[in-house]
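User: Please take a close look at one part of this model, a helix together with the sheet it meets. I would like one connected account of how the part begins, how it ends and what it packs against.

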Amino acid sequence: MMGKHNAIVEWELGEGSFADGRYSRAHSLRFDGGTTLTGSSSPSVVPLPWSDPTGVDPEEALVSAAAACHMLSFLHVAREAGFMITRYRDEAEGTLGKNEKGRIAITRIVLRPDISFEGAVPDSGTLERMHHKAHDICFIANSLTSEVVVEPPL
């Protein structure tokens, strides 16, 4: 089950001055399926106009990768357990802070899945066990040192 997953990240100097840090951080993110997104640093890290607030910043990309992986793992776990899911929505949130080495990192990711079931609905204990199993098999969660927690939706 080993595989390679590719992305092309591309940036070019436009207007501004690279030497004094006054250059755009906007770039493109291209994926093997053909999708291209605008990427940028977060305006909370690099101020406007050098960041593009419409672009996906690396922190958002990491949080969305963790949330999407958990969702896909949960859908698999739920199907195997005999539950029918009709909708899954997660308002995930990442916290940027200092890690145990004193480096700035995403230190915590909170997942808040709001799930709609058709037919049988798992009780709270079963739901918690399903989320735990989904977390255990999520490739992204297994790759992170950040704390990843599941909370009820907002």
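**Helix 1 and its sheet**

Analyst: In this predicted model, helix 1 is followed by Gly-82, whose phi is positive, near 90 degrees. At the opposite end, where helix 1 starts, the backbone nitrogen of Glu-59 has a side-chain oxygen of Asp-57 within 3.0 Å.

Between these ends, helix 1 covers residues 58-80, and its 23 residues should span 33 Å at 1.5 Å a residue. The end C-alpha atoms are 33 Å apart, which agrees with that expectation.

Along helix 1, the buried residues are Val-63, Ala-66, Ala-67, Cys-69, His-70, Ser-73, Phe-74, Val-77 and Ala-78. An α-helix has 3.6 residues a turn, so residues three or four places apart point the same way.

As for what the helix meets, helix 1 lies across strand 7, strand 8 and strand 10, and runs at about 35 degrees to strand 8. These three strands make up an open sheet with mixed pairing, in the order 7-8-10. Strand 7 (93-98) and strand 10 (147-150) each have a single partner strand and stand at the edges, so one side of each lacks a neighbour in the sheet. From one strand to the next, the twist averages 20 degrees.

Strand 8 (residues 104-111) and strand 10 run parallel and are joined by four bridges. Within this sheet, Arg-108 has Glu-147 of strand 10 as its bridge partner.

Technical notes
Residues numbered from 1 in each chain as written. Predicted model: local features only at pLDDT ≥ 70, side-chain atom pairs only at ≥ 80, totals over all residues. Heavy atoms only, no water. Helix = DSSP H or I, 4+ residues; strand = E, 2+ residues; numbered from the N terminus. Expected span 1.5 Å × (residues − 1). Buried < 20%, exposed > 50% of the residue type's maximum accessible area, 1.4 Å probe, protein only. Polar contact = N/O pair within 3.5 Å; in protein donor to acceptor, adjacent residues only side chain to side chain. Pairing = 2+ DSSP bridges. Axes fitted to C-alpha atoms, helices over the stretch in contact; angles between N-to-C directions. Contact = heavy atoms within 4.5 Å.
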